[in-house]
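Work through these exercises with the sequence and the model side by side. Try each task before you read its solution.

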Amino acid sequence: MPFHSTTRSMLKSKQLLKQCVKECSSFSPANFKLKRALIVTKLSRYEIEQLRHPELTREQLEQKLRDRGTDVENVLYLHNLHKDFERRIVRSFRNVGCEVKMSSSRLEFRSSLSKDVMSWADVIVPVGGDGTFLLSANRASPLFALSQQKTPIVGFNSDPQHSEGRLLLPKYYSENPEEAVNRIKSGDFKWVHRSRIRTTMLGNNGTIPESTDLFRHTAVKMEQVDTSPELLDKHMGHKYNAKMKRILPYLALNEVFIGEQLSARVSHLQLVLNHQDVVNKTKCSGLCVSTGTGSTSWHTSINRITSSDVDDLLQSLPDSCAPHVLKLRANVEEIAQRYNQGLLFPADDPRLCYSIREQICVGVWPSPKTFKARDFVQTVFIKSHCIDANLVIDGSISYPFNDGAKVLLEIYPEDALLTIALD
């Protein structure tokens, strides 16, 4: 795609996003009616162990954990801490006259959060950490619900001492959840629209592989939501050698990751950026395609530099002992911090940012040599030449993605997640 076409595409995306935000602005906080809340709570470590050993009594389970060296008292303390906070959240919503439905674990949430429940709830309330928020966001999807209804999300951090909770309300509200609920009830909040990635499988028959729930800690297949296969238009079909497309029902709020299951194995991928006529070939440790929301997470972890990295670079300069270089070396922490801060981009940004993990840069790889290991794009087409790979949405939903599999990643303004924010 020529530069001017890419620019037009970016402008069009921004205009669509502004239009979407404008349409939602009529749904102002003051007009929001809070009557029904669906509370989604995380599984504590203790509950996970119970799921792994359902045949054991409580006493037997605790003894088993002690025998392997687990600090059972701490596990139980954190479990009870979370459960106490969970009950406080439920009470806070009921105290403002709100009807509450409770999803008491991730396991129940997977099986019970139907389209009917999505339609019932005025707000979805994840209680836990960022993982629970992402789990909830997967279901607050117009593609999953087969509806254009936007159910907003507001999350509470149940353990701010051990969890950063970037997607959740500020830690102040973990101590004062009643204040947060009262503000939401009175409309004293603001909306945040977070872009999400739409994942479209391309092929010749419109079928998609079964997805696996990574949050259940076992290889349990997820319930399948029917999305109809569609014919590709002639140009796209010819360009990507496919006849059909099928949109996956789950939208990625943070990122889509593609790579071999065995971390020691090289991932062999082909990428086409912005529908250009260049096929970029890479061997690497996997591909991470991030949103602005996800830029604070894995995206930053992959691309960040340390103060030691900065110092090593400065020491490699021919004039590393010159006064101006020594001055820079005295500020390596600030330089690294400013660089890492520059990796972040807004949650409502209509662009994707792809990152190649540990790209092989010797011999013929990458091809062409000008292929960047990280860049902003509007669309990414990926073809797999992997042996045992997966496409993973937000670290929780996995699809097989082996040799010959093809996918197109894009952002659509209408897919944005509506979240509640408090200062």
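**Exercise 1. Decide whether S174 is buried or exposed, and list its contacts.**

Step 1. Take the relative accessibility of S174, which is 7%.
Step 2. Apply the cut-offs: buried is under 20% relative accessible area, exposed is over 50%, and partly exposed is in between (1.4 Å probe, protein chains only).
Step 3. S174 therefore counts as buried.
Step 4. Place S174 in its helix: α9, residues 172-175. Helices (H or I, at least four residues) and strands (E, at least two) are DSSP runs, numbered from the N terminus.
Step 5. Leave aside the neighbours within four places in sequence; S174 then touches F85, R88, N157 and P160. Contact here means heavy atoms within 4.5 Å.

A note on the model: it is predicted, so local features need pLDDT of at least 70 and side-chain atom pairs count only at pLDDT 80 or more, while totals for chains, interfaces and linings use all residues. Residues are numbered from 1 along each chain as its sequence is written, and side-chain values use heavy atoms, with hydrogens and water left out.

**Exercise 2. Describe the salt bridge of E49 and R52.**

Step 1. Recall the general idea: side chains of opposite charge can pair when their charged atoms come close.
Step 2. Use the cut-off: a side-chain nitrogen of Lys or Arg within 4 Å of a carboxyl oxygen of Asp or Glu.
Step 3. Read the N to O distance for E49 and R52: 4.0 Å.
Step 4. Find both residues in helix α2 (residues 45-52). They sit 3 residues apart, about one turn of the helix.
Step 5. Check the cover. E49 has 1% relative accessibility and counts as buried. R52 has 47% and counts as partly exposed.

**Exercise 3. Do the same for the salt bridges R66 with E73 and E86 with K83.**

Step 1. R66 and E73 meet at 2.6 Å, N to O.
Step 2. R66 is partly exposed at 36%. E73 is partly exposed at 48%.
Step 3. E86 and K83 meet at 3.3 Å, N to O.
Step 4. Helix α4 (residues 72-95) holds E86 and K83, 3 residues apart, so about one helical turn separates them.
Step 5. Both E86 and K83 are buried.
Step 6. Now look for shared partners. Salt bridges link R45, E49, R52 and R68 into one network.
Step 7. The total for the structure is 19 salt bridges.

**Exercise 4. Classify the ring pairs F189 with W191 and F257 with W298.**

Step 1. Know the rule: rings of Phe, Tyr and Trp (its six-membered ring) pair if their centres lie within 6.5 Å; planes under 30 degrees apart are stacked, over 60 edge-to-face, the rest tilted.
Step 2. Count the aromatic pairs in the structure: 8.
Step 3. For F189 and W191 the centres are 4.9 Å apart and the planes stand at 80°, so this pair is edge-to-face.
Step 4. F189 is buried at 9%. W191 is buried at 16%.
Step 5. For F257 and W298 the centres are 4.7 Å apart and the planes stand at 25°, so this pair is stacked.
Step 6. F257 is in strand β11 (residues 255-260) and W298 in helix α12 (residues 298-303), so the pair ties together parts 41 residues apart in sequence.
Step 7. F257 is buried at 10%. W298 is partly exposed at 28%.
Step 8. Look for a cluster: F32, F189 and W191 form one.

**Exercise 5. Trace the 7-stranded open sheet and find its edges.**

Step 1. Write the strand order: β9-β10-β6-β20-β17-β12-β13, with antiparallel pairing. Two strands pair if DSSP finds at least two bridges between them.
Step 2. Pick the edge strands, β9 (230-231) and β13 (280-284), each pairing on one side only.
Step 3. Look at β12 (residues 267-273) and β17 (residues 379-384): 5 bridges join these antiparallel strands.
Step 4. Find the residue of β17 opposite L273: V380.

**Exercise 6. Which residues have the most contacts inside the largest nonpolar core?**

Step 1. Define the core: buried Ala, Val, Leu, Ile, Met, Phe, Trp, Tyr and Cys residues joined through side-chain atoms within 4.5 Å.
Step 2. The largest core has 31 residues, and L271 and I382 have the most contacts inside it.
Step 3. Beyond four places in sequence, the contacts of L271 include V278, L287, I356 and F371.
Step 4. Another core lies apart, with 26 residues, among them V90, F93, V125 and I420.
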